[in-house]
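Colleague: I've got a model open and I'm not sure how to read it. Could you walk me through a few features?

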Amino acid sequence: MGVIQTISKNARLIASSRNWIEGDAVEQLKSTSSLDGIIEGIGMPDIHPGKGHPVGAVFISETVIYPYIIGNDIGCGVGLWQTSIKKNKIKRDKWVKKLAGFNHQLIEDINPWLEKYGVDSSLWNESIGTIGKGNHFAELSVVSSIKEERELSNLGLDKNRAVILVHSGSRGLGDHVLRAYVDKHKAGGVAPDSSDGRIYLEDHNTAVAYAGLNREIITRKICSLLNADYCLAADCVHNFISTCTTNNRTLYVHRKGAVSALNGPVVIAGTRGSCSYIVKPVVENTADVGDSLPHGAGRKWKRGEARGKLKSRFSSRDLTHTKLGSMVICDDKKLLYQEAPEAYKNIEIVISDMVDAGLIKVIALLSPVITYKVNSQ
């Protein structure tokens, strides 16, 4: 059996026999691929069941768009930022105390940032620079292994300096955009050139820009606390609709928990207890899988199941200290269990499935030092 499997007339799955793929995720991939107007569906190796549609999948259509596939966190993604912090100057325990004050870090005048990202001032400004809960995080990491040194340098990354990863999205704005649509259309599709289709896509694009702004402001706040400078290396959006043209046809690519392979190297996030990967798409091959890559490890257990499975094995304090020697800032005990590394698939298998399929080359591995989830103090 090859790594890329055909599972129905117009649906394929990238997964080896070693991978943990739930039957419900496969059924959602099949059913979503069979919706009116969907030409093709591709499941990534991090696929898992979502709310009606799978997470970690790509769906391509021509005459219709399905906003419900994308969900409420429009523009969610992972940003990678090079910092001026030298690896040998990191003070983990001291900085955990500093970063615990993240929520109270003030944002300077937001207007220049709104202008930079082309986002109008709105009622959602108070959410800018907030991470959110769930699987979102901000993380200080270091390069722990290099496979392609030249590619790492081309990204502007210095192996001797720390980086920041930020996984967050459009916060309440994306939810507002989706609700406005589903109040009228439920989970159904709409023609992209219809009035409602145009309104959704315009609001969707605003939410994508807002999410990118949010990730930068989060990074700015962290670097302000640590007295560091930063610059962007990659911003990898994984919940969005984009267009492509092929054979004079305009197609709509729905990526739900999947990253475009057309914008250069991307970050595939691990769990807080495993490495994240910087990879380079093999673009001559990715056209066969919707020009897309996975976004992370992918959930193995539902959030409601994780605490019951792990509470007898780990205390909440155990989950703030990882086997990699990193620390997690999170005072929400329920969230600690829901987002424990054990609740996720094996990131190494996700990566090896993509390598074996000829879709990526690994550039470097990033090891976490401090992961910020949430702190109410």
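Modeller: Sure, let's start with a single pair: Ala57 sits opposite Lys256, a residue of strand E10. Before going on, note that this is a predicted model, where local features need pLDDT of at least 70, side-chain atom pairs count only at pLDDT 80 or more, and totals for chains, interfaces and linings use all residues. Residues are numbered from 1 along each chain as its sequence is written, and side-chain values use heavy atoms, with hydrogens and water left out.

Colleague: What do names like E10 stand for?

Modeller: Helices (H or I, at least four residues) and strands (E, at least two) are DSSP runs, numbered from the N terminus. The chain here has 11 helices and 16 strands.

Colleague: Which strands does E10 pair with, E4 or E9?

Modeller: Two strands pair if DSSP finds at least two bridges between them. E10 runs antiparallel to E4 (residues 55-61), with five bridges joining them. With E9 (residues 239-246), the pairing is also antiparallel and spans eight bridges; one such link puts Ser242 across from Val253 in E10.

Colleague: How many residues lie between E9 and E10?

Modeller: Two, and the pair forms a hairpin. In its turn, Asn247 has a positive phi of about 50 degrees.

Colleague: How many residues of E10 are buried?

Modeller: Buried means under 20% relative accessible area, exposed over 50%, and partly exposed in between, using a 1.4 Å probe and protein chains only. In E10 (residues 249-256), six of the eight residues are buried, so by that definition the strand is mostly covered. For the 377 residues of the chain, the buried share is 56%.

Colleague: And Ser33, buried or exposed?

Modeller: Ser33 counts as buried because its relative accessibility is 1%. You'll find Ser33 in helix H1 (residues 23-33).

Colleague: What does Ser33 touch?

Modeller: Contact means heavy atoms within 4.5 Å. Leaving aside residues up to four places away in sequence, Ser33 touches Asn10, Ala11, Ile38, Gly41 and Phe59. A polar atom of the Ser33 side chain also lies 2.7 Å from the backbone oxygen of Leu29.

Colleague: Why call the whole chain as compact as a globular protein of that length?

Modeller: The radius of gyration is taken over C-alpha atoms, and the globule rule is 2.2 Å times the number of residues to the power 0.38. The chain's radius of gyration is 20 Å, close to the 21 Å from the rule for 377 residues, so the chain is as compact as a globular protein of that length.

Technical notes:
Polar contact = N/O pair within 3.5 Å; in protein donor to acceptor, adjacent residues only side chain to side chain.
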